[in-house]
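Here are my notes for your first look at this one. Keep the viewer open and click along as you read.

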Amino acid sequence: MKEPNLMQNDWRLQGQDWLREVLLRYAVYAPRRAGSEHDHCEFCWVPFKTRETPGTAREGYVTQDHRWTCESCYEDFKLMFEWVLET
């Protein structure tokens, strides 16, 4: 785990306080609406796509309002944001 003072300076932290203590579920990416090509991780902006493409994610953690977090960012920030996983 990263030291707390290093986490404060992480470039991925851009004021995502509205993601604190939200309910997340692990899921295969599916676009929110027909014709939508992709979404992005709320932290590192890696694109989520339905097709396997280099530099993209096909699975990750999603909120009830369809905000996606990649697996790496989830692992890095799960304690800081106190996320709750849907069982």
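In which helix is Phe 77 found? Keep that in mind as you go through the points below.

1. Phe 77 sits in helix H2. Before you go further, remember that this is a predicted model. Phe 77 has a relative accessible area of 0%, and since anything under 20% counts as buried, Phe 77 is buried. Now look for Leu 13: Phe 77 and Leu 13 are 64 residues apart along the chain, yet their C-alpha atoms are separated by 9.4 Å.

2. Zoom out for a moment. You should be able to pick out 2 helices and 6 strands in the chain. Walking from the N terminus, the order of elements is α-β-β-β-β-β-α-β. The radius of gyration is 13 Å, close to the 12 Å from the globule rule for 87 residues, so the chain is as compact as a globular protein of that length. If you like box dimensions, the C-alpha trace spans about 40 × 30 × 20 Å along its principal axes.

3. Next, the contacts along the chain. Take the contacts between residues at least 6 apart in sequence: 60% of them join residues at least 24 apart. The pair from point 1, Phe 77 and Leu 13, gives you a feel for such separations, being 64 residues apart along the chain.

4. What about the inside? Of the 87 residues, 33% count as buried. The largest nonpolar core holds 20 residues, and those touching the most other members are Cys 41, Phe 43, Phe 48, Phe 77, Phe 81 and Trp 83. Strand S1 (23–28), strand S4 (59–62) and helix H2 (71–81) each give two or more residues to this core, and H2 gives the most, with 4 residues. As background, nonpolar side chains in soluble globular proteins tend to be buried together.

5. Phe 48 deserves its own click. You will find Phe 48 in strand S3 (residues 47–48), and it is buried, with a relative accessible area of 0%. Skipping its neighbours within four places in sequence, Phe 48 is in contact with a long list of residues, including Tyr 29, His 38, Cys 41, Ala 57, Gly 60, Trp 68 and Cys 70. Thr 69 is in contact with Phe 48 too; the two are 21 residues apart in sequence, and their C-alpha atoms are 9.2 Å apart in space.

6. Two backbone angles to check. Most residues other than glycine have a negative phi, so keep an eye out for exceptions. Trp 45 has a positive phi, near 70 degrees, and lies in the loop between strand S2 (39–40) and S3. Trp 45 is also exposed, at a relative accessible area of 55%. Glu 82 is not a glycine either, and its phi is positive at about 50 degrees. Glu 82 belongs to the loop between H2 and strand S6 (84–85) and counts as partly exposed, with 46% relative accessibility.

7. Last, the surface and the charges. The chain exposes about 5,900 Å², with carbon and sulfur atoms supplying 49% of that. There are 11 positive and 15 negative charges, and the mean positions of the two groups are 6 Å apart.

Technical notes: Residues are numbered from 1 along each chain as its sequence is written. This is a predicted model: local features need pLDDT of at least 70, side-chain atom pairs count only at pLDDT 80 or more; totals for chains, interfaces and linings use all residues. Side-chain values use heavy atoms; hydrogens and water are left out. A nonpolar core is a set of buried Ala, Val, Leu, Ile, Met, Phe, Trp, Tyr and Cys residues joined through side-chain atoms within 4.5 Å. Buried means under 20% relative accessible area, exposed over 50%, partly exposed in between (1.4 Å probe, protein chains only). Contact means heavy atoms within 4.5 Å. The radius of gyration is taken over C-alpha atoms; the globule rule is 2.2 Å times the number of residues to the power 0.38. Accessible areas come from the Shrake-Rupley method with a 1.4 Å probe; for residues, only the protein chains shown count as cover. Lys and Arg count as positive and Asp and Glu as negative; His and the chain ends are not counted. The place of a charge is taken as NZ of Lys, CZ of Arg, CG of Asp or CD of Glu.
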